[in-house]
Amino acid sequence: MIPYGRQDITEEDIDAVVKVLRSDFVTQGPVIKNFENAVASYCDGKHAVATSSATSALHLACLALGVKTGDWVWTSPITFVASANCARYCGAEVSFVDIDPKTYNMSVTALENKLIEAEKKGELPKVVIPVHLTGQSCEMEPIYNLSQKYGFKIIEDASHAIGGRYQGKAIGCCSHSDISVFSFHPVKIITSGEGGMALTNDSNLAEKLLRLRNHGITRDSNQFVKEPDGPWVYEQIELGFNYRITDIQAALGLSQLNRLDGYIVKRHELSAVYNLSFKDLPITLPFQASDTYSAYHLYIIRLHLNEIGRSKRDVFEALRADGVGVNFHYIPVHTQPYYEDLGFKNGGYPIAEEYARDAITLPLYPTMTEQEKVIDALKRVVS
Ligand SMILES: *Cc1c(COP(=O)(O)O)cnc(C)c1O
């Protein structure tokens, strides 16, 4: 089966990891800082805090922005559940903003309308989490302008999007947000095994993220609450977690970062081949907004089911039977049983639900060699 995504591990990656294994530190050594500095510099951002996963980075980001019980956090319904769960970890209420019918990212119009309604009810969000689905940036400038008008903070869930650009700047530079989060899970653009990173240009937020990553402990005497009675003193000044990444993982991530730009170019090349091959099929191809350069984590198409005369499930199963590991990103989060138990109902987000009826993800990864097989199979199944 051709998978929908796959990591690429080279001999250089393996050597970098082995070097750490032979060194004095397997965790909390120098490589984590090097990885953080390299990603911050790549994104032209100030601070980066590496974590055990993007999920833990999203949780820390919510905590650093003060999300707590009684607050509202909004995100997109078409995302991985972690984009919403991070707010629930903090006890906050979650709500969703319907998607844009072209990009499948959070719709700015839907966001504005929802803000107008929320203001009347006194339920404005503390934080909004736009998700750069497939690696294509959300419309961050208008979202940022709304944040200034309505007073919310922004966390970019950029789990798909390292290497992508918006208005010519690297996603992760936080020019329109408080914090941006990357994922280094193996299926994403670059990997550290498991791992994530939170970027920010605010030194107070960076300090908080660092402290919360490590139990809420500080060794910086400027942050001490009590008078230290010896050089052995550290203080736990709030409740944090063990969300640390290891040097072993950071070495892999740092080594992969060297190939990031090449990966994105390759993803664009493969997508262009798909686009050309599929131009006469009864499907909608991925739309690319002119001010974005996508990281192209996912290649998502919409099936014109009436024309095709088959159900999505039928197409999906036929492709799998042909050895094409198609997937679906994502089941709308508000229809997950956990969120239904919180009162969300199918019908609440019509554009997202329509998307879910006919969207599928085709295999796409830089080392892919069997693209012809995917193209032939799709042509056969939908023609
Ligand atoms: C993968 C993913 C996450 C979670 O990433 P982990 O590193 O696996 O925790 C969060 N949000 C989105 C949009 C993702 O795709």
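This briefing walks through helix packing, cysteines and some backbone oddities in the structure above. The model is a predicted one. Two helix pairs get the most attention here: H3 with H4, whose axes cross at roughly 45 degrees, and H5 with H6, which pack at about 10 degrees. On the cysteine side, the disulfide count is zero.

**Helix pair H3 and H4**

- Helix H3 covers residues 54-64 and helix H4 covers residues 82-89; their axes come within 8 Å and cross at roughly 45 degrees.
- That angle makes H3 oblique to H4, because it falls outside the ranges for roughly parallel, roughly antiparallel and roughly perpendicular.
- As for handedness, H3 passes H4 in a right-handed crossing.
- H3 brings Thr-55, Leu-58, His-59 and Cys-62 to the contact, and on the H4 side they meet Ala-82, Ser-83, Cys-86, Ala-87 and Tyr-89.
- Sorted by class, this H3 and H4 contact holds six nonpolar residues, three polar ones and no charged ones.

**Helix pair H5 and H6**

- Helix H5 (residues 108-121) sits with its axis 10 Å from that of helix H6 (residues 140-150), at an angle of about 10 degrees.
- H5 therefore counts as roughly parallel to H6, because the cut-off for that label is under 35 degrees.
- From H5, the contact uses Val-108, Leu-111, Glu-112, Leu-115, Ile-116 and Glu-119; from H6, it uses Pro-142, Ile-143, Leu-146 and Tyr-150.
- The class tally for H5 with H6 is eight nonpolar, no polar and two charged residues.
- A bit of background for reading such contact lists: an α-helix has 3.6 residues a turn, so residues three or four places apart point the same way.

**Helix H13 and what it packs against**

- In helix H13 (residues 350-358), the buried residues are Ala-352, Glu-353, Tyr-355, Ala-356 and Asp-358.
- Those buried residues pack against two strands and two helices: strand E14 (299-303), strand E15 (359-362), helix H10 (305-308) and helix H11 (312-321).

**Cysteines**

- The structure has zero disulfides, going by the distance between cysteine sulfur atoms.
- Cys-43 is in no disulfide, and the nearest cysteine sulfur, belonging to Cys-173, is 7.6 Å away; the cut-off for a pair is within 2.5 Å.
- Cys-43 counts as buried, because its relative accessibility is 0%.
- Cys-173 is in no disulfide either, with the sulfur of Cys-174 as its nearest cysteine sulfur at 6.7 Å.
- Cys-173 is buried too, with a relative accessible area of 9%.

**Backbone oddities**

- Cys-174 has a positive phi of about 60 degrees although it is not a glycine.
- Cys-174 lies in the loop that runs between strand E7 (169-170) and strand E8 (179-183), and at 7% relative accessibility Cys-174 is buried.
- Gln-28, also not a glycine, has a positive phi of about 55 degrees.
- Look for Gln-28 in the loop between helix H1 (11-21) and helix H2 (30-43); Gln-28 is partly exposed, with a relative accessible area of 46%.
- His-329 and Tyr-330 are joined by a cis peptide bond, with omega about 0 degrees.
- Tyr-330 belongs to the loop between H11 and helix H12 (337-341).

Notes: Residues numbered from 1 in each chain as written. Predicted model: local features only at pLDDT ≥ 70, side-chain atom pairs only at ≥ 80, totals over all residues. Heavy atoms only, no water. Buried < 20%, exposed > 50% of the residue type's maximum accessible area, 1.4 Å probe, protein only. Helix = DSSP H or I, 4+ residues; strand = E, 2+ residues; numbered from the N terminus. Contact = heavy atoms within 4.5 Å. Axes fitted to C-alpha atoms, helices over the stretch in contact; angles between N-to-C directions. Parallel < 35°, antiparallel > 145°, perpendicular 65-115°, else oblique. Left-handed = near helix turned anticlockwise from the far one by under 90°. Nonpolar A, V, L, I, M, F, W, Y, C, P; charged D, E, K, R; others polar.
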